[in-house]
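Reader: I am new to this structure and would like a close look at a single part of it, the largest pocket. Which residues lie nearest its centre, and which elements supply its lining?

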Amino acid sequence: MAQISSTEKPQMQQIDLNTLNLQQLTQLKNQLDQELNLFQDSLNSIKMARSKYSASKEALEKFKADWNDKQILVPLTGSMYVPGTIKDANNVIIEVGTGYYVENDLESAKAFFKRRVEYVQEQLEKIETIGIEKSKIREAIREVMEMKLALFSKEMQKKREAES
């Protein structure tokens with residue numbers, strides 16, 4: 001007996017897939033397809049965020065205390081840079097989210113980005129786990145649909161043979 005269960009809500013909800021007709025199974029499968037697309041979009045966004053946090057952390061790892069008065073290119077956008085000078089290599093300004101910037105010492109900034117990368121990685125793993133569960137449910141639905149279609153096909157063939 002094929003059953004699915006949802007663990008997203010505190011209470012467990014089970015549906016016997018064999019009791020659903022093809023139209024209901026199709027609707028359920030389409031809903032799961034939409035949810036999986038949403039999860040995939042979320043995964044892509046989170047991977048991009050993780051990549052940016054990792055790049056920021058790696059850039060801070062390269063900073064050296066003797067870089068005071070060193071000439072650098074400061075990124076304004078992803079493709080536009082302006083010349084700048086490092087005034088204090090032990091203090092940096094980091095973006096902490098939604099356009100807010102904070103001045104931190106170098107070690108605190110490294111720790112901030114390390115925590116961010118770890119947090120984003122945890123969220124990524126949670127979404128991947130949910131996606132895997134939903135994929136398994138979709139596969140179970142597909143199997144039941146194939147079984148019901150095969151039964152329907154056999155019934156139609158028996159009717160044709162009976163009529164002949």
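Author: What follows describes the pocket and then the strands that help to line it. This is a predicted model, in which local features need pLDDT of at least 70 and side-chain atom pairs count only at pLDDT 80 or more, while totals for chains, interfaces and linings use all residues. Residues are numbered from 1 along each chain as its sequence is written, and side-chain values use heavy atoms, with hydrogens and water left out.

A pocket here is an open set of points on a 1 Å grid over the protein atoms alone, where a 1.4 Å probe fits, with protein on both sides within 12 Å along at least five of seven lines, and its lining residues have an atom within 4 Å of a point. The largest pocket holds about 1200 Å³ of space, the volume being the space filled by probe spheres set on the points, which are joined across faces, edges and corners. Of the 32 residues that line this pocket, Ser56, Pro75, Ile93, Ile94 and Glu95 lie nearest its centre.

At least two lining residues come from each of helix H1 (22-61) and the strands E3 (71-75), E4 (81-85), E5 (91-97) and E6 (100-105); these elements are DSSP runs numbered from the N terminus, helices (H or I) having at least four residues and strands (E) at least two.

Strands E5 and E6 pair in the antiparallel sense over 6 bridges, where pairing requires that DSSP finds at least two bridges between two strands. Ile93 stands opposite Glu103 in E6, and the hairpin formed by E5 and E6 has 2 residues between the strands, with Thr98 in the turn showing a positive phi of about 45°.
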